[in-house]
Amino acid sequence: MLQLLAQDAKKSELEPFNKFIGRFRDKLAYLFRERIDANAANLKRGIPPFIFQEVFRQQPQAASIQKKYGGRGANPAEILAVLEAASYESLALSLILGINGALFLEPLARMGSESLKQKVFNRFINEGTTGGLMITEPDYGTDALSMKSYWEPTPGGYHVNGLKHWAGLTGWADYWLITARGKRSDGSLSRDLSFFVCDSSCPEQRIVVEEYFNNLGLYIIPYGRNVIDVQLPFDHKLEPNGSGVNGLMDMLHRSRMRFPGMALGYLKRLLEEAVSHCNERKVGKCKLNKYDQVQRRLARMQAYVTICSAMCKHAAELSSIHNNLTGEGLIANVHKTILSDYMQDAAQSLLHLTGAKGFKQDHIAGRSITDSRPFQIFEGSNDVIYVQIADKFIKEMRKKNQSNLYIFLTSHELTTLSAGYFKEYLDVSLSESLPQRKLVDLGKLLSCVAVADKTLLLGESGYNKALVAAALDVLSEDIAQHSAAYRNKPIATYHDVAGQSWLDCVDNLGG
Ligand SMILES: Cc1cc2nc3c(=O)[nH]c(=O)nc-3n(C[C@H](O)[C@H](O)[C@H](O)COP(=O)(O)OP(=O)(O)OC[C@H]3O[C@@H](n4cnc5c(N)ncnc54)[C@H](O)[C@@H]3O)c2cc1C
């Protein structure tokens with residue numbers, strides 16, 4: 001196995017990317033359609049080891065590693081194309097590759113010591129090794145910066161202690177990137193956080209899995225609760241460029257710009273499944289695809305593919321490991337929120353169109369609902385990130401002393417091209433302070449305008465004009481909806497009233 005991997009490594013160094021990605025796609029299709037029945041396999045947790053080995057023998061992870069360490073060069077366009085190829089066959093597999101790349105290899109490339117990089121990258125290239133990231137703690141998810149995991153110096157390096165949960169590849173990854181706060185001499189924890197690498201092959205660095213979770217979807221990937229009490233050598237502490245929080249932002253923003261890769265193959269596959277079903281299924285006198293509402297769903301799914309392609313192009317141009325993305329939070333957040341919403345919405349449409357037939361754990365439609373749902377939650381809950389998007393635009397407007405949203409967007413770098421298309425919905429004066437739910441609506445609206453801009457740019461670069469126009473139609477529909485929600489006055493409130501029953505309101509109950 002090791003020798004085979006080494007041979008493949010040499011091969012991939014020489015192989016042009018188009019050849020590599022074609023071979024990778026073919027191999028995945030063979031593995032997930034011919035060697036196993038992907039639908040039936042989804043009834044069980046985990047993945048047959050030979051599938052995993054075969055996938056990793058193709059060296060998809062080499063895309064995330066620089067040439068000087070034996071990789072393909074960490075070119076974001078290649079990384080995104082690998083993720084796309086994987087998610088066409090299996091969203092969970094793509095997430096595994098995404099975790100390895102965006103949450104381990106890429107941050108290591110940016111912040112790791114030379115000695116650590118040499119050792120770790122070599123194992124990824126030659127042994128099909130895996131890595132994951134542990135940030136979240138049972139009491140600190142959205143509020144991750146308040147984490148309680150801590151580190152303290154020791155004569156030989158560092159002691160890191162804490163409790164982490166929901167890290168993808170729990171109990172499986174060979175390497176872990178973990179975050180912790182420094183413990184001061186008085187026992188308090190520093191505000192900043194630090195990154196460390198644990199090597200599961202060293203007993204003193206091993207993380208103990210206390211419990212495995214029965215995750216609702218993504219059955220291939222193990223999740224659980226982990227106890228960390230490890231001793232690490234000096235070179236296992238990463239050194240971000242600036243503060244640890246800056247390093248975290250740089251990492252998360254790059255990772256959010258890997259969402260388009262994971263989303264694109266998956267969205268294309270769901271669209272193809274939906275089209276093929278609607279071309280065959282006859283309901284009443286005609287095929288499903290003749291119904292207008294069915295066409296609406298298909299058009300929407302196709303628009304998601306177009307918009308996601310535009311975001312891939314954008315991420316490919318911006319998110320190289322050579323760029324510091326700490327300050328790119330706004331567009332990174334747009335990538336994450338909008339595309340994860342599209343993934344879930346496309347799954348809902350496919351299930352709707354396939355009807356009861358799709359409501360099975362071993363059907364791609366049913367499975368897609370649960371597999372794509374957590375993308376709206378992990379790496380920042382969408383509700384929270386939409387608010388951040390709105391807040392950022394509002395802050396910039398205030399700085400420029402501008403209260404009219406449309407005028408502001410015509411000169412904003414993310415919306416200059418597209419603002420004019422949606423003037424009737426944007427020509428509003430923003431009020432001084434908005435309730436959080438309105439910020440969510442506004443964040444969604446602004447995200448749509450920003451992705452419309454990227455979609456127009458895709459069109460200018462030669463993408464099919466009819467597809468671009470259709471995507472803008474869908475965005476226009478969404479912008480109208482978000483604009484209505486944003487302008488809608490009533491603010492419904494939850495009332496803590498117990499014991500109310502409709503039965504108390506009818507007078508014809510039997511005596
Ligand atoms: C499948 C899956 C994979 C994951 N992979 C990883 C991984 O690899 N590594 C890792 O470290 N973690 C991972 N996570 C953890 C993930 O990042 C956290 O679940 C996420 O950050 C949310 O934290 P929480 O679950 O504690 O929810 P909470 O922080 O309790 O938030 C729950 C909900 O409360 C609401 N909410 C929270 N704060 C606000 C606010 N300020 N305003 C309004 N509403 C708010 C939102 O609706 C939010 O969705 C994963 C989780 C899942 C489900």
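Trainee: What makes the serine 381 pair with the ligand a polar contact?

Mentor: A polar side-chain atom of serine 381 lies 2.8 Å from a ligand oxygen. A polar contact is a pair of N or O atoms within 3.5 Å, so this pair counts. The model is predicted: local features need pLDDT of at least 70, side-chain atom pairs count only at pLDDT 80 or more, and totals for chains, interfaces and linings use all residues. Residues are numbered from 1 along each chain as its sequence is written, and side-chain values use heavy atoms, with hydrogens and water left out.

Trainee: Which polar backbone atom lies 2.8 Å from an oxygen atom of the ligand?

Mentor: That atom belongs to isoleucine 135. The backbone of leucine 133 also takes part, with a polar atom 2.9 Å from a ligand nitrogen. The protein covers 66% of the 970 Å² of accessible area (Shrake-Rupley, 1.4 Å probe) that the ligand has on its own.

Trainee: Which elements give two or more residues to the shell around the ligand?

Mentor: They are strand 1 (131-134) and helix 13 (382-399). Helices are DSSP runs of H or I with at least four residues, strands runs of E with at least two. At domain level, domain 2 (134-243) and domain 4 (382-487) each supply at least three residues to the shell. These bounds come from an automatic or database domain assignment.

Trainee: Which of the 18 residues around the ligand come nearest?

Mentor: Ile135, Thr136, Thr142, Trp166 and Ser381. To be near, a residue needs a heavy atom within 4 Å.

Trainee: How do you know that cysteine 198 is in no disulfide?

Mentor: The structure holds zero disulfides. For cysteine 198, the nearest cysteine sulfur is that of cysteine 202, 9.6 Å away. A disulfide needs two cysteine sulfur atoms within 2.5 Å, so this pair fails. Cysteine 308 is unpaired too: the nearest cysteine sulfur, in cysteine 312, is 4.9 Å away. That also misses the cut-off of 2.5 Å.

Trainee: Why is cysteine 308 called buried?

Mentor: Its relative accessible area is 0%. Buried means under 20%, exposed over 50%, partly exposed in between (protein chains only), so cysteine 308 is buried. Cysteine 198 also has 0% and is buried.

Trainee: What makes glutamine 59 stand out, and is this residue buried or exposed?

Mentor: Glutamine 59 has a positive phi of about 60°, although this residue is not a glycine. Glutamine 59 follows helix 4 and sits in the loop that leads to helix 5 (76-89). With a relative accessible area of 4%, glutamine 59 is buried. Helix 4 (residues 49-57) has its own buried residues: Ile51, Phe52, Glu54, Val55 and Phe56.

Trainee: Is asparagine 401 exposed or buried?

Mentor: Asparagine 401 has 72% relative accessibility, which is over 50%, so the residue counts as exposed. Its phi is positive as well, about 60°, and asparagine 401 is not a glycine. The residue lies in the loop between helix 13 and helix 14 (405-410).

Trainee: Why is asparagine 215 called buried?

Mentor: At 4% relative accessible area, asparagine 215 falls under 20% and is therefore buried. The residue is placed in the loop between strand 6 (208-212) and strand 7 (224-233). There, the asparagine 215 side chain reaches the backbone oxygen of glycine 217 at 2.9 Å.

Terms used:
A polar contact is a pair of N or O atoms within 3.5 Å; within protein, one must be able to donate a hydrogen and the other to accept it, and residues adjacent in sequence count only if both atoms are side-chain atoms. Buried means under 20% relative accessible area, exposed over 50%, partly exposed in between (1.4 Å probe, protein chains only).
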